[in-house]
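Colleague: I am learning to read charged pairs in protein models, and I would love a close look at one part. Could you walk me through it slowly?

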Amino acid sequence: ELFSIINSAGIAIAGPLEGLNISDIKKQFDVNTFGALRVIQNGLPFIKKGNIINISSMASYGIFPFISPYCASKSAIDIMINSLSIELNNPDINFVSVKLGACKTPIWNKSIEYNNLIMDSLDPSLALKYKRELEFLKVNALKNNNCSLDPVYVAKKIIKIMEKTNPRSSYNIGVDSKFMRIASKLPQDIVNNL
């Protein structure tokens, strides 16, 4: 009997690293990384044949300033499930990372609400120093809430992946995600300047 686990829970912590509270960064990892790992560890005993699909992000390529906790949490779980697939060495269990581009989900509005609280707790001099960048993050989140991948389209793509006998270990969904995959292969200094 085929059995699948799909990890899709996630939150996005944003802000300048020099002023972010460590407890907020820990919360980021607790949901996106350790939460997904807990689900996998608890579900593995029930899977004899099937898929473990992690809904990751183009942010896992780690080249987005001011959302580095989110990027790092997504990259970390991708690395962990890849390692787990090698450790298990079980051809009947497929581990797949689906790296989404921007998608119309509640994460954008929730992240604005949560990150407003974070910004209010920042040292006023930091809030002023990064005012332009933080305003851009908010505007971008609102834009992504309206002009992103349709979740139904994404779900259909994931179903197609689940139906494959031998799915690849990684898929990019969305033009922006495919672009980030290519951009991530450029030298780091070039990426940083872009």
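Colleague: What is the relative accessible area of Asp-30?

Modeller: Happy to help! This is a predicted model, where local features need pLDDT of at least 70 and side-chain atom pairs count only at pLDDT 80 or more, while totals for chains, interfaces and linings use all residues. Residues are numbered from 1 along each chain as its sequence is written, and side-chain values use heavy atoms, leaving out hydrogens and water.

Asp-30 has a relative accessible area of 36%, which makes Asp-30 partly exposed; that class lies between buried (under 20%) and exposed (over 50%), using a 1.4 Å probe and protein chains only. The partner of Asp-30 is Arg-38: their side chains meet in a salt bridge, 2.7 Å from N to O. The term means a side-chain nitrogen of Lys or Arg within 4 Å of a carboxyl oxygen of Asp or Glu. Arg-38 is partly exposed too, at 42%.

The structure holds five salt bridges, and another of them joins Asp-92 to Lys-49, with the closest N and O atoms 3.8 Å apart. This pair links distant parts of the chain, 43 residues apart: Lys-49 is in strand S2 (residues 49-57), and Asp-92 is in the loop between helix H2 (68-88) and strand S3 (93-100). Helices (H or I, at least four residues) and strands (E, at least two) are DSSP runs, numbered from the N terminus. Asp-92 is partly exposed at 34%, and Lys-49 is partly exposed at 43%.

One more pair is Lys-129 with Glu-18, whose closest N and O atoms are 3.1 Å apart. Lys-129 and Glu-18 are both exposed.
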